[in-house]
Structures are given as C-alpha cells and as structure tokens.
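Welcome, and thanks for having your viewer open. Follow the stops below in order, selecting as you go.

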Amino acid sequence: MGKLRTKSDYESLRNARIVENQARLASLGVHKTISDLRSIVSSAKPKVRKWQKKEYVITPVRRSTRFKGTPLSSSLASNSLRRSNRLRGKAIDFEEREEGSDSYSSEGKEKRPANAPLVMIDDASLQLSPEDSSRRCNRKEGRGSVYNSICGICCHFCRQKTLCAEKDCKRCGNLDVNQPCIGKTDCSVCHSSNGVLCRACLKIRYGEELEEVRENKEWMCPHCIEEKGINPYWICNSSLCLKNRKMTPTGIAIYRARELGYKSVAHLLMDELQRKNPSRLMICCK
C-alpha cells in the first residue's frame, strides 16, 4: 500500500507540472504559433522541377589526313617537310655518335663537349621569338623556362630540354648550334649526358656553383668521381640513377638537407651512406 501511495503521489505531481507548463506555453502564444506554421506548411505545394529533354550535339571525330587520304595543304606540307628534315638531322647525329662516342663530330672525329652536341639541321632560319627571348632569363633559379627541342640541352637531373637562362649564352640566345651552352656543365672525362647539369640542379643537388665549374677545366661528374674511386660515396642522386641502384629517389630533399646543416642533397646522401655501411662497395650505375 505504501508503494502504490508513493506512485500515485508522483503521478499527481507530474500531471500538475504538465498542466502548469501547458498553461505557461498558452500564455506565451506558442500553441497558436505552432498551429499557424503547420497550416502554412500544409498549404504550400511542393515545387516540382519540370523535366526538359537535353539534346547533345555530337562533334565530328578528328582524323589525321593520312587516314582520310586527302592531300596536305601547302602550309602543312612545308611544316611536315621541315620536321622531317629535323628528324633526319637528328638521325644522322645519332648514327655518327654510335660510330664512336656520343660526343664525336663528323669531320675530324673530334670529341665534342656534352653541352655542345652535334646538331645537323637544314633550316638555317632558326630565330628566337621576342616573347621567348624575354622569358628565357626570367627564372630566378637559373633553370630556364623556354623549351626548345633543337637547341635545348637536357639536364641529367631535371630532364628538361630547355634553353638556359644565361644572358651571354650564344647557343640559347642566338640559337647557334655550333656554340656550347654555358648554362650547362660538361664532364672533362666522359663528355656524356651524365655530366650535363643546369645551374639550379648543380647548386641544389651537389652544392657547386656554375662559375666555378666553368673555370675548372678538370671538373668531373659524380659518375666519373665514383668510377675513379676519388669518393665512392659521392654518387649521382638523380631519380634514374638511384633506381638503378635499387635505392629510393630522394625527391625534393634540399630543405631537409639544409635543416640538418648540409650544403646539398649529395652531402646529405654521402653522410647517410657512410653511416649505413662505411665499407660497402659501391656499384657504378651506368
């Protein structure tokens, strides 16, 4: 009986509070506002988007004139002929390089530097446009921003066949293929593409200045330094050469190297290799 009486007292107290709260809400006009909102929502009709059929226009398939069998126009024919001449010149250059070294010329088998490769072209009217001429020396890091498949020389690390950003370079400024590119390095031993580095890659990856390399006629690339045993840990840290060594490419590691107090990525990598295995035999990547 005591439990039932307690429960009934609780229920009566609860019902009294409910009645009190409802009276308070009614005095505030909440019930009227709720009913008004419900009437507005119920009377509003849902917006139905009208379906419209969309027509797609089929564009004609672009086909090469070779497959169509139509003759070339005069402008296209001249461009095609000019390109075939350039490709023929590159093929001649490749055949002559295969005879001996990749830096021999056709006349006296004279060894040419890698920053002045032999290019045989029939079109003597090579000119640099004013826009490209002004844009060529704009890059602050000295990497060059104008791509040129004929006169440009590919850097071994960044692999960009661009004209250099040096103002005094006759090859890149005047498109003179008989002149060397002073914005790219040349190894005094191998004279190969392994020793061609632009100013930015030479500074960031190896901590060397291009002006000092130009003055040093006995400068050697990392491949030759390692091959001759001068410094077995001074290796080429390009992504291709590191992959050939079964090593993970470093990526953009210059910020990490400078934070740790190293001059370049090569100095960081050399120290890491020495600490990992000081007596390991380095395999030359070819």
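Before the first stop, one definition: here, contact means heavy atoms within 4.5 Å. Please also keep in mind that this is a predicted model.

**Whole chain.** Start with everything shown as a cartoon. You should find 12 helices and 3 strands in the chain. Colour by burial next: of the 286 residues, 32% are buried. If you draw a contact map, look away from the diagonal, since among contacts with a separation of 6 or more, 56% join residues 24 or more positions apart.

**Helix α12.** Now select residues 265–276, the 12 residues of α12. From first C-alpha to last, α12 reaches 16 Å, close to the 16 Å expected at 1.5 Å a residue. Show side chains for Val-265, Ala-266, Leu-268, Leu-269, Met-270, Glu-272 and Leu-273, which are buried.

What do the buried residues of α12 pack against? Add α7 (199–206), α10 (239–244) and α11 (254–259) to your selection, and you have the packing partners in view.

**The N-terminal end of α12.** Zoom in on Ser-264, which caps this end of the helix. Draw a distance from its side-chain oxygen to the backbone nitrogen of Ala-266, and you should read 3.4 Å.

**A pocket.** For the last stop, go to the second largest pocket, with a volume of about 280 Å³. Its lining has 16 residues, and the closest to the centre are Asn-115, Asp-186, Val-213, Arg-214 and Lys-217. Colour the lining by class and you will see 7 nonpolar, 5 polar and 4 charged residues.

Key:
Residues numbered from 1 in each chain as written. Predicted model: local features only at pLDDT ≥ 70, side-chain atom pairs only at ≥ 80, totals over all residues. Heavy atoms only, no water. Helix = DSSP H or I, 4+ residues; strand = E, 2+ residues; numbered from the N terminus. Expected span 1.5 Å × (residues − 1). Buried < 20%, exposed > 50% of the residue type's maximum accessible area, 1.4 Å probe, protein only. Polar contact = N/O pair within 3.5 Å; in protein donor to acceptor, adjacent residues only side chain to side chain. 1 Å grid on protein atoms, 1.4 Å probe; cavity = no way out; pocket = protein on both sides within 12 Å on 5 of 7 lines; lining within 4 Å. Points joined across faces, edges and corners; volume = space filled by probe spheres on them. Nonpolar A, V, L, I, M, F, W, Y, C, P; charged D, E, K, R; others polar.
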